[in-house]
Amino acid sequence: MLVWGTVGTVGTAQGAAPVTLGGGSGIVLDDGSTCTLTTIGWDGAGRLVGFTAAHCAAAGEGMGVAAEADPEAGNVGTIALLGSDLDYAVIAFDESAVIPVNRVGSTTITDVGVPAQFPAVACKEGRTTGQTCGLVYGDVFGGASWTLTQICVILGDSGAPVVVGSTLVAIVNGYIGLPCIGPQVGANFSLILADVDARGGIGAGFHPI
């Protein structure tokens, strides 16, 4: 999968007001990489967690995460778990520093569903291109891990939620060929959650806000 985009570095602020984050918000990691938050909510242990693409966290677990819209607030979360096979990362958020929401831009996330199938239409909410929609091709690779769509994605959209209506079905991981022209490739979110649950740690039992 592709590793997309970097911008300036992020510091840490003391006593900053909470930042608002939801699926589709832009996030910035310690090394300056910019990506998109997939979703935010609570795990089975009551911890505030979120998801993004693993390739956004090149330096691995422990990287700080800031809100792109409010960099002066500093880091409000930490990469707590990487699932490299499905290219996902779990973010542990500081509850006192984040206001979680279920709507960003034109996209609302109310639940998690099974992988989308042809000929459904799915949409994504990315920090670079906002909401774009396209035809679902489905699991063309076999194995029930990845879904292809004709959704436009470019630099910085990695991690964006892919939804059908308000149901989260996949995550943006990359594209084939040319940005915004080639098919978008994303891991099925229900499979991501199954993998997190099997590990039994942070993120297990997740449900969106």
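Q: What relative accessibility does R199 have in this structure?
A: Since the model is a predicted one, this value is computed from its coordinates. Partly exposed is the class between the cut-offs of 20% and 50%, and R199 falls into that class. Its relative accessibility is 45%.

Q: Which residue forms a salt bridge with R199?
A: Let's stay in helix 1, where the partner also lies, 4 residues apart from R199 or about one turn of the helix. The closest N and O atoms of the two are 3.1 Å apart, which is within the 4 Å that a salt bridge requires. The partner of R199 is D195.

Q: Is D195 buried or partly exposed?
A: Buried would call for a relative accessible area under 20%. D195 has a relative accessibility of 27%, so this residue counts as partly exposed.

Q: How many residues apart are the salt-bridge partners R127 and E68?
A: Side chains of opposite charge can pair when their charged atoms come close. Here the closest N and O atoms of R127 and E68 are 2.4 Å apart. R127 sits in the loop between strand 13 and strand 14, and E68 in the loop between strand 6 and strand 7. The bridge therefore links distant parts of the chain, with a separation in sequence of 59 residues.

Q: What is the relative accessibility of E68?
A: Its partner R127 is partly exposed, at 25%. E68 also counts as partly exposed, and its value is 29%.

Q: In the salt bridge of D43 and R47, what relative accessible area does D43 have?
A: The two side chains meet at 2.8 Å, N to O. R47 counts as partly exposed, at 35%. D43 is buried, which means a value under 20%; its relative accessible area is 3%.

Q: How many salt bridges does the count come to?
A: We have now met the pairs D43 with R47, R127 with E68, and D195 with R199. The count of salt bridges comes to 3.

Q: Are the ring planes of F51 and F206 stacked or edge-to-face?
A: The ring centres are 5.0 Å apart, which is within the 6.5 Å limit for a pair. The planes meet at 75°, and planes over 60 degrees apart fall into a class of their own. The pair is therefore edge-to-face.

Q: How far apart in sequence are F51 and F206?
A: F51 belongs to strand 5 (residues 48-52), while F206 is in the loop between helix 1 (189-199) and strand 20 (207-208). Both residues are buried. Their pair links distant parts of the chain, and the separation is 155 residues.

Q: Which residue joins F51 and F206 in a cluster of ring pairs?
A: The residue in question is buried, as is F206. It lies in helix 1, 17 residues from F206 in sequence. With F206 it forms an edge-to-face pair, at 6.4 Å centre to centre and 75° between the planes. The residue is F189.

Q: How many residues does the largest nonpolar core have?
A: Strand 1 (19-21), strand 2 (26-29), strand 6 (64-67), strand 7 (75-83) and strand 8 (88-93) each give two or more residues to this core. Among its members, L21, I79, F93 and V98 touch the most others. The number of residues in the core is 24.

Q: Which core residue touches P18, V19, L21, I40, L48, V76 and F93?
A: This list leaves out residues up to four places away in sequence. The residue sought is grouped with L21, I79 and F93 as touching the most other members of the largest core. It is V98.

Q: Where is the cis peptide bond that leads into P119?
A: P119 is in the loop between strand 12 (111-112) and strand 13 (121-126). The bond has omega near 5°, and it runs from F118 to P119.

Q: What phi does C180 have?
A: C180 is in the loop between strand 18 (174-175) and strand 19 (184-187). This residue is partly exposed, at 38% relative accessibility. Its phi is positive although the residue is not glycine, and the value is near 70°.

Terms used. Residues numbered from 1 in each chain as written. Predicted model: local features only at pLDDT ≥ 70, side-chain atom pairs only at ≥ 80, totals over all residues. Heavy atoms only, no water. Core = buried A, V, L, I, M, F, W, Y, C linked by side-chain atoms within 4.5 Å. Buried < 20%, exposed > 50% of the residue type's maximum accessible area, 1.4 Å probe, protein only. Contact = heavy atoms within 4.5 Å. Phe/Tyr/Trp six-rings, centres within 6.5 Å; stacked < 30°, edge-to-face > 60°.
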